[in-house]
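Student: Please take a close look at one part of this structure with me. I would like to follow how the two helices pack and what lies around them.

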Amino acid sequence: MLQDCPAEFEREMGCTAAELGHWLPGAAAPHPVRTQPNGADIDIDAGCLRLRWEALAPRRIALLSVPRLQLRFAFEGVDEAARVRFMRRFDLYTQRGGG
């Protein structure tokens, strides 16, 4: 379980920008999301998360091709407890099923 969350970090996700854009309103709820090309700003309490992404080349494993995005999370004016709460929901909401 996520215990701490730095103010800025990057991660790779196996999805397309369109998929992420579809998930964001639910993953960020109840916080409002303002989307823009290659990113979104999410108001969290008195602060903001500036989320930016860049499409990467798909990961290929034999005949399987998995889309990839590089995401940069930059929380501004959001305390660590609120960052942890946000990221727990975000991670659960964007988690894909597995075996």
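Tutor: What follows goes from the helix pair to the core, then to one buried residue, and ends in the loops. Keep in mind that the model is predicted.

Start with the helix pair. Two packed helices are described by the angle between their axes and the distance between the axes. Here α1 and α2 pack at an angle of about 135°, and their axes are 9 Å apart. An angle over 145 degrees would count as roughly antiparallel. The pair is therefore oblique. The crossing of α1 past α2 is right-handed.

Now see who meets whom. From α1 come Leu20, Trp23, Leu24, Gly26, Ala27 and Ala28. They meet Phe86, Arg89, Phe90, Tyr93 and Thr94 of α2. Sorted by class, this contact has eight nonpolar residues, two polar ones and one charged one.

Next, the core. The largest nonpolar core has 25 residues. Leu20, Leu71, Phe73, Phe75, Phe86 and Phe90 have the most contacts inside it. Both helices feed this core: α1 (17-28) and α2 (80-94) each supply at least two residues. So do the strands β1 (8-13), β3 (39-44), β4 (47-61) and β5 (64-76).

Take Leu71 from that list. Leaving aside residues up to four places away in sequence, Leu71 touches Leu20 and Phe90. Those two residues also take part in the contact between α1 and α2. Other partners of Leu71 include Phe9, Met13, Leu51 and Trp53.

Trp53 deserves a stop. Trp53 sits in strand β4. Its relative accessible area is 9%, so Trp53 is buried. With residues up to four places away again left out, its contacts include Ala17, Leu20 and Leu24. Leu24 is 29 residues from Trp53 in sequence. In space, their C-alpha atoms are 13 Å apart. Trp53 also touches Asn38, Gly39 and Ala40, as well as Leu69, Gln70 and Leu71.

Asn38 leads us to the loops. Most residues other than glycine have a negative phi, and most peptide bonds are trans. Asn38, in the loop between β2 and β3, has a positive phi, near 60°. Asp45 has a positive phi too, near 55°. Asp45 lies in the loop between β3 and β4. Its relative accessible area is 61%, so Asp45 is exposed.

One last spot. Ala29 and Pro30 are joined by a cis peptide bond, with omega about 5°. Pro30 is in the loop between α1 and β2 (33-36).

Terms used
Residues numbered from 1 in each chain as written. Predicted model: local features only at pLDDT ≥ 70, side-chain atom pairs only at ≥ 80, totals over all residues. Heavy atoms only, no water. Core = buried A, V, L, I, M, F, W, Y, C linked by side-chain atoms within 4.5 Å. Buried < 20%, exposed > 50% of the residue type's maximum accessible area, 1.4 Å probe, protein only. Helix = DSSP H or I, 4+ residues; strand = E, 2+ residues; numbered from the N terminus. Contact = heavy atoms within 4.5 Å. Axes fitted to C-alpha atoms, helices over the stretch in contact; angles between N-to-C directions. Parallel < 35°, antiparallel > 145°, perpendicular 65-115°, else oblique. Left-handed = near helix turned anticlockwise from the far one by under 90°. Nonpolar A, V, L, I, M, F, W, Y, C, P; charged D, E, K, R; others polar.
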